Amino acid sequence: VAAALLPGAFLAGAQWGLGGIAAVWLIGRPAIIMPQQLYYALRDADARLVDYARALWPATSSTAVMAAAVLGTRALLDDIASPAALAASVLAGAAAYAATLGLLHPARIRAARAFVRQATL
């Protein structure tokens with residue numbers, strides 16, 4: 001499938017130069033390859049797509065809140081020197097991620113702690 005679709009996509013992307021070709025590679029190839037890889041991984045693990053999505057939900061939701069916090073911090077600190085704004089954005093993002101994970105997904109934190117304790121024994 002990739003061999004059939006990517007050459008045409010590269011030709012279409014070439015109108016924007018090397019950047020267009022790179023964008024096709026960065027976006028097109030994973031879009032073509034990942035569904036097949038996901039299918040085989042789920043089949044081999046005897047899992048369903050909903051199980052996979054459920055496992056990713058804590059990280060996905062925490063990342064979305066973190067991104068909103070970082071973008072909000074950057075918008076609020078638009079006129080502050082960039083090293084200070086960067087530090088504030090990093091701290092806001094880390095705090096938002098940790099808070100979301102702790103408040104919405106405490107079972108995931110407990111499971112991670114149990115895993116680390118078991119691995120260090």
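Here are legends for a set of close-up views of this predicted model.

**View 1. Three neighbours make a nonpolar patch on the surface.** The residues to look for are Trp25, Leu26 and Ile27. Taken together, they offer about 370 Å² of accessible area. Trp25 belongs to helix H2, which covers residues 18-45. With a relative accessibility of 44%, Trp25 falls into the partly exposed class, since that class sits between the 20% and 50% cut-offs.

**View 2. Phe10 and Trp25 stack across two helices.** Aromatic pairs in this model come to two, and here is one of them. The ring centres of Phe10 and Trp25 are 6.1 Å apart and the planes meet at 20°, so this pair counts as stacked. Phe10 sits in helix H1 (residues 2-13) and Trp25 in helix H2, so the pair ties together parts that are 15 residues apart in sequence. How accessible is Phe10, in relative terms? Its relative accessible area is 24%, so Phe10 is partly exposed. Trp25, at 44%, is partly exposed too.

**View 3. Tyr39 and Tyr40 pair edge-to-face.** The ring centres of Tyr39 and Tyr40 lie 5.2 Å apart, and the planes are at 65°. An angle over 60 degrees is what puts a pair in the edge-to-face group, so that is the label for these two tyrosines. Tyr39 is exposed, with 51% relative accessible area, while Tyr40 is partly exposed at 37%.

**View 4. Arg48, Asp51 and Arg54 share a salt-bridge network.** Side chains of opposite charge can pair when their charged atoms come close. The model holds three salt bridges, and two views are given over to them. In this one, Asp51 meets Arg48 with an N to O distance of 3.2 Å. Asp51 also meets Arg54, this time at 3.7 Å from N to O. Those contacts link Arg48, Asp51 and Arg54 into a network. Where do Arg54 and Asp51 lie? Both are in helix H3 (residues 49-76), three residues apart, which is about one turn of the helix. As for accessibility, Asp51 is partly exposed at 29%. Arg48 is exposed, at 51%, and Arg54 is exposed as well, at 52%.

**View 5. Arg43 bridges to Asp44.** This close-up shows another salt bridge, formed by Arg43 and Asp44. Their closest N and O atoms are 3.5 Å apart. Arg43 has 47% relative accessibility and so counts as partly exposed. Asp44 reaches 61%, which puts Asp44 in the exposed class.

**View 6. Ser89 is a buried residue in helix H4.** Is Ser89 buried or exposed? At 6% relative accessibility, Ser89 counts as buried, because buried means under 20%. The helix in question, H4, takes in residues 82-104. What does Ser89 touch, once residues up to four places away in sequence are set aside? The contacts are Val70, Thr73 and Arg74.

Conventions. Residues numbered from 1 in each chain as written. Predicted model: local features only at pLDDT ≥ 70, side-chain atom pairs only at ≥ 80, totals over all residues. Heavy atoms only, no water. Patch = residues over 30% accessible without salt bridge, like charges linked within 9 Å, V, L, I, M, F, W, Y side chains within 5 Å. Areas by Shrake-Rupley, 256 points an atom, 1.4 Å probe, with all protein chains shown as cover. Salt bridge = Lys/Arg side-chain N within 4 Å of Asp/Glu carboxyl O. Helix = DSSP H or I, 4+ residues; strand = E, 2+ residues; numbered from the N terminus. Buried < 20%, exposed > 50% of the residue type's maximum accessible area, 1.4 Å probe, protein only. Phe/Tyr/Trp six-rings, centres within 6.5 Å; stacked < 30°, edge-to-face > 60°. Contact = heavy atoms within 4.5 Å.
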